Number of protein chains: 2
Amino acid sequence: MPTEKADTSAPRLTRKGQATRDRITSAAAALMFERGVAGTSLEDVQAAAEVSPSQIYHYFKDKRSLVKAVISVQTAQVVGAFGAVQPRFGRLDSMEALRAWRDFAVTLERSLDYAGGCPIGTLGSQLAETDPEARKDVAAGFALWEKSVVDGLQAMRDRGELRSDADPKRLGLALLTALQGGLLLTQIRRDTWALEVTLDAMLDHVESFVVPV
Amino acid sequence: MPTEKADTSAPRLTRKGQATRDRITSAAAALMFERGVAGTSLEDVQAAAEVSPSQIYHYFKDKRSLVKAVISVQTAQVVGAFGAVQPRFGRLDSMEALRAWRDFAVTLERSLDYAGGCPIGTLGSQLAETDPEARKDVAAGFALWEKSVVDGLQAMRDRGELRSDADPKRLGLALLTALQGGLLLTQIRRDTWALEVTLDAMLDHVESFVVPV
């Protein structure tokens with residue numbers, strides 16, 4: 001997973017320095033979510049974060065290292081909001097929690113006016129062909145997210161709530177992939193219909209493995 | 001739907017003129033598939049299509065009008081290859097044809113070394129927030145594609161091969177959305193695993209509506 005700590009090229013920062021670095025990363029994440037990576041210059045980030053050019057270069061040697069930090073921050077956000085263990089649903093290990101997860105995604109997209117798509121999916125799409133390192137960081141973020149969804153389904157199977165022929169790895173990845181497609185279509189169509197019908201279909205498929213009580 | 005004919009701003013072209021315009025559009029489509037829209041300049045397209053700057057501006061008044069033509073060409077290609085009526089599968093109106101469609105997508109991605117994602121999905125993702133006209137063109141392309149997939153499922157239901165509680169509109173859109181997610185994850189992961197498990201799950205869901213013979 002891309003974490004801030006893993007970035008050994010980053011200097012050890014004071015609390016104030018870390019706050020400045022975080023402010024720059026947040027501003028970059030917001031701009032890249034709105035305008036895309038290519039549409040966001042270091043100058044734009046500098047203006048939005050209200051720092052000097054020398055401050056940006058103190059924390060990030062170039063745009064790529066800033067993009068790396070943005071991927072890390074967005075991954076943490078997305079896994080925090082849509083991973084399997086978080087305050088909103090407790091664990092994502094029941095049909096009820098999975099349906100609430102689906103509703104949360106739909107509600108969130110509506111609140112964002114259908115804009116932006118998945119914060120890490122869109123980064124992946126933009127960077128996959130031009131920045132192999134960034135692509136790997138995004139893939140690692142997805143793997144972490146995937147694991148958290150698979151773990152919830154595995155817990156359901158371990159408790160005998162899903163039949164033994166249910167494959168949590170396949171079902172978890174399929175759920176996440178369906179969510180990605182749904183978020184992309186939400187962005188393109190400017191409505192949540194594709195997201196809704198696709199997650200509903202995928203959750204009906206998961207439910208077909210539920211052992212009747 | 002975005003078609004060349006609908007572009008009333010385009011001048012009436014001679015056969016040679018149309019060939020030059022097509023060469024420019026094809027070169028632009030290939031470059032934008034490889035490097036993204038933002039990473040492709042009119043100068044790049046000019047060099048790849050081996051035309052003069054004045055020739056490009058004769059056919060396209062700016063980059064946006066070139067992007068519009070690229071969306072149109074890519075939509076026609078994608079609907080031709082993955083729509084419901086085309087030489088490869090005949091009609092996409094049987095489980096056998098749907099499974100062949102899935103296999104074709106997987107094989108195609110492998111032959112492309114997992115690069116590029118969906119030619120229109122990636123255009124949509126890149127342009128949705130910055131070019132509302134282009135976003136609408138991509139959405140119209142998707143709607144056309146969706147209709148062709150829905151039509152196949154509707155034919156199955158009309159013949160009594162799917163139960164009456166199967167909703168071809170929902171199932172068709174879910175299939176297309178799952179394909180989009182799978183193509184995005186293929187691009188990010190550099191393998192077809194997400195594409196395979198997600199289409200398999202979605203096709204199993206469709207198959208759950210099949211009336212036993």
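**Figure 1. Glu129(A), which is partly exposed at 25% relative accessibility, in its salt bridge with Arg190(B).** This is a predicted model, in which local features need pLDDT of at least 70, side-chain atom pairs count only at pLDDT 80 or more, and totals for chains, interfaces and linings use all residues. Residues are numbered from 1 along each chain as its sequence is written, chains are lettered from A and ligands numbered from 1 in the order in which they are written, and side-chain values use heavy atoms, with hydrogens and water left out. The closest N and O atoms of Glu129(A) and Arg190(B) are 2.6 Å apart. Glu129(A) sits in the loop between helix H6 (119-127) and helix H7 (132-158) of chain A, and Arg190(B) in the loop between helix H8 (168-189) and helix H9 (193-207) of chain B, so the pair joins two chains. Arg190(B) also has a relative accessible area of 25% and is partly exposed. A salt bridge is a side-chain nitrogen of Lys or Arg within 4 Å of a carboxyl oxygen of Asp or Glu. Partly exposed lies between buried (under 20% relative accessible area) and exposed (over 50%), with a 1.4 Å probe and protein chains only. Helices (H or I, at least four residues) and strands (E, at least two) are DSSP runs, numbered from the N terminus.

**Figure 2. Further salt bridges in chain A, including Asp151(A) with Lys147(A) and Arg159(A) with Glu161(A).** Side chains of opposite charge can pair when their charged atoms come close. The N to O distance between Asp151(A) and Lys147(A) is 2.8 Å. Both residues belong to helix H7 of chain A, where they are 4 residues apart, about one turn of the helix. Asp151(A) is partly exposed, with 30% relative accessibility. For Arg159(A) and Glu161(A), the closest N and O atoms are 2.7 Å apart. Arg159(A) is partly exposed at 45% relative accessibility, and Glu161(A) is partly exposed at 29%. A network of salt bridges links Arg102(A), Asp103(A), Arg110(A), Glu196(A), Asp200(A) and Arg170(B). Over all chains, the count is 34 salt bridges.

**Figure 3. The interface of chain B and chain A, with 40 residues from chain B and 41 residues from chain A in contact (heavy atoms within 4.5 Å).** The size of an interface is often given as the accessible area lost when the parts come together. Here the buried area, the accessible area (1.4 Å probe) that two parts lose on being put together, summed over both, is about 3,400 Å², with 66% of it from carbon and sulfur atoms. In chain B, Glu129(B), Arg170(B) and Ile188(B) lose the most area to chain A, together 19% of what that side buries. The interface holds 6 salt bridges. Arg189(A) forms a salt bridge with Glu146(B), with the closest N and O atoms 3.3 Å apart. There are 14 residue pairs in polar contact across the interface, both residues at pLDDT 80 or more. On the side of chain B that touches chain A, the elements giving two or more residues are helix H1 (15-35), helix H6 (119-127), helix H7 (132-158), H8 and H9 of chain B. H8(B) gives the most, with 13 residues. The residues of this side of chain B divide into 17 nonpolar, 13 polar and 10 charged. A polar contact is a pair of N or O atoms within 3.5 Å; within protein, one must be able to donate a hydrogen and the other to accept it, and residues adjacent in sequence count only if both atoms are side-chain atoms. Ala, Val, Leu, Ile, Met, Phe, Trp, Tyr, Cys and Pro count as nonpolar, Asp, Glu, Lys and Arg as charged, and the others, Gly among them, as polar.

**Figure 4. Helix H8 of chain A (residues 168-189) and its ends.** Its 22 residues should span 32 Å, and the end C-alpha atoms are 31 Å apart, which agrees. The expected span is 1.5 Å times one less than the number of residues. H8(A) is mostly covered, with 19 of its 22 residues buried. At the N-terminal end, Asp167(A) acts as a cap, with a side-chain oxygen 3.0 Å from the backbone nitrogen of Lys169(A). Arg190(A) follows H8(A) and has a positive phi, near 65°.

**Figure 5. The mostly covered helix H9(B), with 12 of its 15 residues buried.** The expected span of H9(B) is 21 Å, and its end C-alpha atoms are 21 Å apart, which agrees. Among the buried residues are Leu195(B), Val197(B), Leu199(B), Met202(B) and Leu203(B), and Glu196(B) and Asp200(B) are also buried. The buried residues of H9(B) pack against H8 and helix H9 (193-207) of chain A, together with helix H5 (95-111), H7 and H8 of chain B.
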